[in-house]
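Trainee: Could we take a close look at one part of this model together? I would like you to walk me through the ligand site and then its wider setting.

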Amino acid sequence: MTTAEEDLLCYAYDATNRHYRPDAVAFPANTHEISDILKLANEHRFFVVPRGAGTGMSGGALAVKGGLVLVMTRFSRILTIDTENLVAEVEPGVVTGHFQEAVEEKGLFYPPDPSSAPFSTLGGNVAECAGGPRAVKYGVTRDYVLGLEVVLPTGEIIRTGVHTAKGVVGYDLTRLIVGSEGTLGVITKIVLRLFPLPEVVRTLSVVFDRIHDAARTVSEIIRSGVVPRTVEYMDHAAIRCVEDYQGTGLPADAGAMLLIEVDGSQSAVETDIRDLTEICMNRGAQVRVAGSEQEAKDLWRVRQAISPALFKLGPDKINEDIVVPRNRIPDMVEWIDDLSSRTGLTIVTFGHAGDGNIHFNIMLDRRDKEILEKAESAVEALFRQTIALGGTISGEHGIGITKAPYIGMEIGTEELALMKRIKALFDPNGILNPGKIF
Ligand SMILES: Cc1cc2nc3c(=O)[nH]c(=O)nc-3n(C[C@H](O)[C@H](O)[C@H](O)COP(=O)(O)OP(=O)(O)OC[C@H]3O[C@@H](n4cnc5c(N)ncnc54)[C@H](O)[C@@H]3O)c2cc1C
């Protein structure tokens, strides 16, 4: 454990760029140490905040009320990869990308792929129910968690779920913990489902002159019955930003781009590419199928550079990850375009359009109070519009602290009261990750 000022500063932030200095930071090495810490926390009434890599976008790992930050990165072992049953058991501090590489070496595939995979942890992924580009075809983290070991806020160690392909005994505590944002327990082991590695993967870049054609094409792809494994979307502003940041090789006047990936057997992939090319070209797009693995990697580098590149447009970012039904993407894109013209705010959109998940970013300088107020009103309007279109205010980043003021816009009074009762049952003294979600 440390209370050195420099350590406290290092663990005072996450990807929201907000800062809350904890009182101490601990680096537990095993489940029993965590259990002892939580028992002590109940006895002496101090707060405990679990933390993975601190890449969260909603402030979940921040010690907003002070207390002890519990850094889980020493839980970094891949315990088993069972190639016969397609199941792995891991500790929560394993870096997502390292795990993906380890299973791929054995011919297996762990599909959830948050763009933060090179540095986020599997524990953080489970706690946030992280998604990623491949969710269009393969779903999100929740769909891969078969079971967990969890230390309850009161210190008891529990095991949930199964090591088998299915199992329905008792309430599904695994699903309750997944996505609970570090408020119901500290995850210390994770049992994950795996797939065989697909035979072939191909990447297509699809460039449109007009943003609306890109949005309509996404709906048309979904309706067509072809199931790509990714349909990533970036608007003109996102493409320009990355062009200035590192160069993209894309036409400078591109209105929008889709990055589509298909996988499966050679013949299925060829058929999918043919069908997708036809759908996209009917909307006037320029389609290019990456000719090599390197070319595909370069295209993904463009997508991955968006987040850092955006800071060329302003020192601060308000980032939301709304989801709308996929046939409403064109309506949402049009509404955001109109919002941008009406308010004069610098708005950039990109995201996992294949599952309706649009990342909405306002770039600004938070010190400019007038702009900040305008941006906050725009976010509230965005959430109202999202819900009016039948969507949800967060597809993957969670509620944490940043969206807590808005949760009542989507979740009813009775349901919220039930969630609070569940929290009180798990954590009667309110010591684990206080100030989050509600
Ligand atoms: C550039 C960038 C790209 C991103 N792209 C995506 C994306 O495509 N999809 C996506 O879903 N997210 C994305 N994110 C958000 C973020 O990476 C994910 O939410 C990720 O799951 C957080 O993992 P972490 O290890 O950093 O967790 P942290 O940020 O450390 O913690 C996140 C939450 O998990 C809890 N937690 C962490 N470990 C445990 C544990 N062992 N037990 C209980 N609770 C725990 C914390 O208390 C906190 O509430 C992105 C972030 C960045 C910076």
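Trainee: Which of the residues around the ligand come nearest?

Mentor: Happy to help, and please keep in mind that this is a predicted model. The shell around the ligand has 34 residues, and those that come nearest are Pro50, Gly52, Thr55, Ser116 and Thr121.

Let's go through some polar pairs. Thr121 is a good place to begin: a polar atom of its side chain is 2.7 Å from a ligand oxygen atom. The backbone takes part too, with a polar backbone atom of Gly54 placed 2.8 Å from an oxygen atom of the ligand. At Glu181, a backbone N or O atom is 3.1 Å from a ligand oxygen. As for cover, the ligand on its own has 970 Å² of accessible area, and the protein covers 95% of that.

Which elements build the shell? Those that give two or more residues to it are β2 (48-51), α4 (122-128) and β9 (186-193). Helix α4 gives the most, with 5 residues. By residue class, the shell holds 18 polar, 12 nonpolar and 4 charged residues.

From here you can step outward to helix α3, which spans residues 96-105. Its buried residues are Thr96, Gly97, Phe99, Gln100, Ala102 and Val103. An α-helix has 3.6 residues a turn, so residues three or four places apart point the same way. With that in mind, look at Phe99 and Val103, both among the buried residues of α3. The buried residues of this helix pack against α4 and β9, and those two elements also give residues to the ligand shell. Other packing partners of the buried α3 residues are β4 (78-82), β5 (87-90) and β6 (108-109). After α3 comes Gly107, with a positive phi near 80°.

Now try Thr230, which sits in strand β12 (residues 230-235). Thr230 counts as buried because its relative accessibility is 1%, under the 20% cut-off. Its side chain has polar partners in the backbone: the nitrogen of Glu261 is reached at 3.1 Å, and the oxygen of Leu259 lies 3.4 Å from a polar side-chain atom of Thr230. Setting aside neighbours within four places in sequence, Thr230 contacts Pro133, Arg134, Val136, Leu259, Ile260, Glu261 and Trp300.

Two residues in the segment after α15 (413-426) also deserve a look: Asn433 and Ile437. Most residues other than glycine have a negative phi. Asn433, however, has a positive phi near 45°, and the phi of Ile437 is positive as well, near 70°. Asn433 is buried because its relative accessible area is 2%, and Ile437, at 11% relative accessibility, also counts as buried.

Finally, a word on the cysteines, as a bench biochemist may ask about them. The structure holds 0 disulfides. Cys129 is buried, with a relative accessible area of 7%, whereas Cys10 is partly exposed at 43% relative accessibility.

To bring it back to your request, start at Thr121 and its side-chain pair with the ligand, add the backbone pairs of Gly54 and Glu181, and then follow α4 and β9 out to the buried residues of α3 that pack against them.

Terms used: Residues numbered from 1 in each chain as written. Heavy atoms only, no water. Near = heavy atom within 4 Å. Polar contact = N/O pair within 3.5 Å; in protein donor to acceptor, adjacent residues only side chain to side chain. Areas by Shrake-Rupley, 256 points an atom, 1.4 Å probe, with all protein chains shown as cover. Helix = DSSP H or I, 4+ residues; strand = E, 2+ residues; numbered from the N terminus. Nonpolar A, V, L, I, M, F, W, Y, C, P; charged D, E, K, R; others polar. Disulfide = S-S within 2.5 Å. Buried < 20%, exposed > 50% of the residue type's maximum accessible area, 1.4 Å probe, protein only. Contact = heavy atoms within 4.5 Å.
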